[in-house]
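I opened my notebook to record what I looked up in this structure, one entry at a time. I wanted each entry to begin with something I could find on the screen.

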Amino acid sequence: MRSFFYLQLQERLEQLPDRQGVPAVRTYDLWNEQVDFIEEEEPFDMPAVFLEFMPYKWTTLSGAVQQAAVTVRLHVVTPWKGSSRKGSRYQQQSLERFSLLEEISACLHDFKGDNGKVCFDMFRRTASDTNHNHAEVVEDVEEYTFRAVERL
């Protein structure tokens with residue numbers, strides 16, 4: 001289920017264009033605390049989306065079918081552009097990160113997938129965490145929940 005979901009998410013977000021018409025998100029990966037260890041990490045292009053699966057429990061619906069309410073976090077990493085205070089020449093640039101978060105949310109609303117063995121649907125944003133303690137990069141976290149059904 002996880003690999004199918006990850007690849008579907010990447011494919012969906014690749015359809016989200018920036019102002020020049022190229023994909024807005026430049027890097028996709030699984031979350032491994034990349035921001036906390038940015039000096040040791042392999043360099044990555046930004047904006048980046050890192051996917052974190054939260055713990056979830058499966059419920060058996062029948063002998064070979066299980067269902068779970070799955071929560072994932074998207075760690076959206078962007079470069080810090082400068083102060084957003086009124087009068088700052090960087091205000092507009094620094095606030096662009098929020099536009100990207102809104103575009104990602106709109107792109108993912110009602111996101112679903114089915115490959116015959118695994119399906120997921122009812123994809124909804126359930127929480128947002130705005131980064132207020134950053135240096136060169138900003139990591140905002142968007143949390144989503146969806147229903148997954150897997151046929152074993």
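**Entry: two unusual phi angles**

I began with Asp110, which is partly exposed because its relative accessible area is 40%, a value that falls between the 20% limit for buried and the 50% limit for exposed. The model I am reading is a predicted one. I found Asp110 in the loop between H2 and S5, and I noted that Asp110 has a positive phi of about 65 degrees although it is not a glycine. I wrote this down because most residues other than glycine have a negative phi.

I then turned to Met122, another residue that is not a glycine and yet has a positive phi, here about 55 degrees. Met122 lies in strand S6, and with a relative accessible area of 54% it is exposed, since the limit for that word is over 50%.

**Entry: a cis peptide bond**

Which two residues does a cis peptide bond join? I found that they are Met46 and Pro47, with omega at about 0 degrees. I added a reminder for myself that most peptide bonds are trans. Pro47 sits in the loop between strand S1, residues 27-30, and S2.

**Entry: Leu51 and its surroundings**

I moved on to strand S2, which covers residues 48-53 and includes Leu51. Is Leu51 buried or exposed? I recorded it as buried because its relative accessibility is 2%, and the limit for buried is under 20%.

I next asked which residues Leu51 is in contact with, once its neighbours within four places in sequence are left aside. The list I copied down holds Phe5, Tyr6, Leu9, Asp29, Leu30, Trp31, Val72, Arg73 and Leu74. I looked up one of these, Leu9, in more detail: Leu51 and Leu9 are 42 residues apart in sequence, while their C-alpha atoms are 9.2 Å apart in space.

**Entry: helix H1**

Leu9 also appears among the buried residues of H1, which are Phe4, Phe5, Tyr6, Leu9 and Leu13. I checked the span of H1 as well: this helix has 12 residues and reaches 16 Å from its first C-alpha to its last, close to the 16 Å expected at 1.5 Å a residue.

**Entry: aromatic pairs**

How many aromatic pairs does the structure hold? I noted 14 of them, and I looked at two more carefully. A pair of aromatic rings is described by the distance of the centres and the angle of the planes, so I wrote down both values each time.

Phe5 and Phe146 form a stacked pair, with 4.5 Å from centre to centre and 15 degrees between the planes. Phe5 lies in helix H1, residues 2-13, and Phe146 in strand S7, residues 137-151, so the pair ties together parts that are 141 residues apart in sequence. Both Phe5 and Phe146 are buried.

Phe111 and Phe123 form an edge-to-face pair, with 5.3 Å from centre to centre and 80 degrees between the planes. Because Phe111 lies in the loop between helix H2 (91-108) and strand S5 (113-114), and Phe123 in strand S6 (residues 118-129), this pair ties together parts that are 12 residues apart in sequence. Phe111 is buried with a relative accessible area of 2%, and Phe123 is buried with 1%.

I then found the residues of these two pairs listed in one aromatic cluster, formed by Phe4, Phe5, Phe53, Phe111, Phe120, Phe123, Tyr144 and Phe146.

**Entry: a hairpin**

I followed strand S3, residues 58-62, and strand S4, residues 65-79, and noted that they pair in the antiparallel sense over 4 bridges. The two strands form a hairpin with 2 residues between them. At one of the bridges, I saw that Ser62 has Val65 in S4 as its partner.

**Entry: the whole protein**

I ended with the overall picture. The protein has 2 helices and 7 strands, and along the sequence they follow the pattern α-β-β-β-β-α-β-β-β. Its C-alpha atoms fill a box of roughly 60 × 30 × 25 Å, taken along the principal axes.

Of the 152 residues in the protein, 41% are buried. Among the contacts with a separation of 6 or more, 57% come from residues 24 or more positions apart. I computed nothing by hand for the accessible surface, which comes to about 9,200 Å², with 46% of that belonging to carbon and sulfur atoms.

Terms used. Residues numbered from 1 in each chain as written. Predicted model: local features only at pLDDT ≥ 70, side-chain atom pairs only at ≥ 80, totals over all residues. Heavy atoms only, no water. Buried < 20%, exposed > 50% of the residue type's maximum accessible area, 1.4 Å probe, protein only. Contact = heavy atoms within 4.5 Å. Pairing = 2+ DSSP bridges. Phe/Tyr/Trp six-rings, centres within 6.5 Å; stacked < 30°, edge-to-face > 60°. Expected span 1.5 Å × (residues − 1). Areas by Shrake-Rupley, 256 points an atom, 1.4 Å probe, with all protein chains shown as cover.
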